[in-house]
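Here are some short exercises to work through with the structure open beside you. Try each task yourself before you read its solution.

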Amino acid sequence: ESPSTNSKAESEFKSLSLKGGYGIFFLGAKARTAPLVRTSGTTLTWADVTSIEALGGIKWERIYAGRRKRPFLLGAEIEGSLPISASSSGGPAISKASGMGVSAKGYAEKAISSAESNQLKLGVEVGASYEKTKLEGTWSSSVGTATRIIQVFGLNIYLGMEF
């Protein structure tokens, strides 16, 4: 059994995104590794599948200062993605990947303390994403398709230092 294919009940999600943009628009690419499971009778076999995706979207940010001593930042981002290719080492041999993904997040950040050379900031971020990927290929002697759906909902509260 290869290192990427196993029968354990947990697996890691990994993601790397590179984005560039102009104004409120951005384009980029994302590499994502996520688990895929195969059932055969009472046996579950896991494999990590890495997909390469094209992405694009809009990002809006606004700083509200007015007469405030400490301004705050509001922002929102909407992103869409399409898989270009997918592969797995030791798991399925993937011949085609299709589908789509969409995510949205909103955030606010406020300086709660500021000095000459640094600021302490408090922030909150709310986000949701949905991805549906259809993979076609072979796994051992089985030929067919698999659909992977990933839904993520999150709330982050953070404290940051800018210096």
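**Exercise 1.** Which residues make the nonpolar surface patch of about 630 Å²?

*Solution.* Keep in mind that this is a predicted model.
- Step 1: Find the members, which are Ile24, Phe25, Ile58, Ile78, Leu82, Met100 and Val102.
- Step 2: Look at the elements they sit in. S5 and S6 each supply at least two residues of the nonpolar patch.
- Step 3: Pick one member, Ile58, and place it in strand S4, which covers residues 43–64.

**Exercise 2.** Find out whether Ile58 is buried, partly exposed or exposed.

*Solution.*
- Step 1: Read the relative accessible area of Ile58, which is 35%.
- Step 2: Recall the cut-offs: under 20% is buried and over 50% is exposed.
- Step 3: Ile58 has 35%, so this residue is partly exposed.

**Exercise 3.** Describe the largest pocket and its lining.

*Solution.*
- Step 1: Start with the space inside: the volume is about 660 Å³.
- Step 2: Turn to the walls. The lining has 30 residues, and those nearest the centre of the pocket are Lys30, Arg32, Ser103, Ser129 and Val152.
- Step 3: Trace the lining back to the strands. S2 (14–22), S3 (25–40), S5 (72–88), S6 (93–114), S7 (119–139) and S8 (142–162) each give at least two residues. The largest share, seven residues, comes from S7.
- Step 4: Sort the lining by class, which gives 11 nonpolar, 10 polar and nine charged residues.

**Exercise 4.** Now do the same for the second largest pocket.

*Solution.*
- Step 1: The space in the second largest pocket is about 220 Å³.
- Step 2: This pocket is lined by 15 residues, with Gly137, Trp139, Gly144, Thr145 and Ala146 closest to its centre.
- Step 3: Two or more lining residues come from each of S3, S7 and S8.
- Step 4: By class, the lining of the second largest pocket holds eight nonpolar, five polar and two charged residues.

**Exercise 5.** What is notable about the phi of Ser140, and is Ser140 buried or exposed?

*Solution.*
- Step 1: Locate Ser140 in the loop between S7 and S8.
- Step 2: Recall the usual pattern: most residues other than glycine have a negative phi.
- Step 3: Compare the angle. Phi of Ser140 is near 60°, a positive value in a residue other than glycine.
- Step 4: Check the surface. Ser140 has 63% relative accessibility, so it counts as exposed.

Key:
Residues are numbered from 1 along each chain as its sequence is written. This is a predicted model: local features need pLDDT of at least 70, side-chain atom pairs count only at pLDDT 80 or more; totals for chains, interfaces and linings use all residues. Side-chain values use heavy atoms; hydrogens and water are left out. On a 1 Å grid over the protein atoms alone, a cavity is a set of points where a 1.4 Å probe fits but cannot get out, and a pocket is an open set with protein on both sides within 12 Å along at least five of seven lines; lining residues have an atom within 4 Å of a point. Grid points are joined across faces, edges and corners, and a volume is the space filled by probe spheres set on the points. Helices (H or I, at least four residues) and strands (E, at least two) are DSSP runs, numbered from the N terminus. Ala, Val, Leu, Ile, Met, Phe, Trp, Tyr, Cys and Pro count as nonpolar, Asp, Glu, Lys and Arg as charged, and the others, Gly among them, as polar. Patches are made of residues with over 30% relative accessible area and no salt bridge: like charges are joined within 9 Å, nonpolar side chains (Val, Leu, Ile, Met, Phe, Trp, Tyr) within 5 Å. Accessible areas come from the Shrake-Rupley method with a 1.4 Å probe; for residues, only the protein chains shown count as cover. A salt bridge is a side-chain nitrogen of Lys or Arg within 4 Å of a carboxyl oxygen of Asp or Glu. Buried means under 20% relative accessible area, exposed over 50%, partly exposed in between (1.4 Å probe, protein chains only).
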